[in-house]
Amino acid sequence: MRRFLVLAHRVPVSGSFTLNDLAGGAGRMDEIARAVSTAFTLSNDLRRDVELSIVFAGAPAPAPRRIDLVGARLRYLNPDERSTAALLKNALVRSAAVDRPIESSPGLVVGPVDPAAALREFLARPGTVWLTESGGPLVDHPAAPSDFAAVVSDPYDPSDAERAILESSGAVPLSVGPRSLRTSQVLDVVQNELDRREARSR
Ligand SMILES: C[S@@+](CC[C@H](N)C(=O)[O-])C[C@H]1O[C@@H](n2cnc3c(N)ncnc32)[C@H](O)[C@@H]1O
């Protein structure tokens, strides 16, 4: 399994944003949607061996939310950014009225979250890595393509609190290259590197 945790900082967690302003009033939901797309979509297929969680830290109230997407059961994920953003927005809107996790569409679970606890829990998995510009080269790291877990941030850097958790977790900081890339680009490079390793091991 390939697992990703995306830290989302400015998306309105109530889902009260328009799909016509994803890069503005939606707090860069455009990039979150692209990250979901690059994590799961292939040409005319979906990666079933991927799980991706997004922790929406909360901007503004109500409480923070988490969306878990499970590739093995995922449906209605189309390759375009707008429909992916709509799928995530629908989950946030439906979750705003309930205080427990719900499956808002097949393979997509949304619910309240303690962001710090969720990050710590994800990092507790042995071998979890932190994708960051200042890390060591991913290509030199012996991660297995079928057992990979990584934390990545949205277009905003991790908060001080998140950074403190990441730094004290023991997660290996890894970089995919010398330039600061968009979140979705980072996931593309990671998936490609893991695909290459998988192909070599066959
Ligand atoms: C757009 S960057 C964050 C903002 C960026 N630090 C800036 O100065 O504008 C989004 C996230 O992608 C990841 N990232 C970006 N470039 C990376 C790289 N070369 N290697 C690994 N992760 C990277 C990091 O998690 C980063 O927080």
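Helices, of at least four residues, and strands, of at least two, are DSSP runs that are numbered from the N terminus. With these names the reader can follow the chain of this predicted model.

The protein chain holds 5 helices and 10 strands. Its C-alpha atoms occupy a box of roughly 45 × 40 × 30 Å along the principal axes. For 202 residues, a compact globule would be expected to have a radius of gyration near 17 Å, and the protein chain agrees with this because its own value is 16 Å.

Two loop residues deserve attention for their backbone angles. Arg 28 belongs to the loop that links strand S1 (2-8) to helix H1 (29-40). Although Arg 28 is not a glycine, its phi is positive, at about 70°. Asn 44 is found in the loop between strand S2 (41-42) and strand S3 (45-46). Here too a residue other than glycine has a positive phi, with a value near 65°.

The description now turns to the ligand, which sits in the largest pocket. Strand S8 (129-137), strand S9 (148-153), strand S10 (172-175) and helix H5 (183-200) are the elements that each give two or more residues to the surrounding shell. Of these, S8 provides the largest share, with 3 residues.

The ligand is surrounded by 17 residues, and those that come nearest are Leu 131, Glu 133, Asp 157, Arg 179 and Leu 181. Sorted by class, the shell consists of 7 nonpolar, 6 polar and 4 charged residues.

Several contacts with the ligand involve the protein backbone. At Thr 132, a backbone N or O atom is 3.3 Å from a nitrogen atom of the ligand. At Ser 153, a polar backbone atom lies 3.2 Å from an oxygen atom of the ligand. At Val 176, a backbone N or O atom is placed 2.9 Å from a ligand nitrogen atom. As for the surface of the ligand, 570 Å² is exposed when the ligand is taken alone, and the protein buries 81% of that area.

Technical notes:
Residues numbered from 1 in each chain as written. Predicted model: local features only at pLDDT ≥ 70, side-chain atom pairs only at ≥ 80, totals over all residues. Heavy atoms only, no water. Near = heavy atom within 4 Å. Polar contact = N/O pair within 3.5 Å; in protein donor to acceptor, adjacent residues only side chain to side chain. Areas by Shrake-Rupley, 256 points an atom, 1.4 Å probe, with all protein chains shown as cover. 1 Å grid on protein atoms, 1.4 Å probe; cavity = no way out; pocket = protein on both sides within 12 Å on 5 of 7 lines; lining within 4 Å. Sits in = over half its atoms within 2 Å of the grid points. Nonpolar A, V, L, I, M, F, W, Y, C, P; charged D, E, K, R; others polar. Rg over C-alpha atoms; globule rule 2.2 N^0.38 Å.
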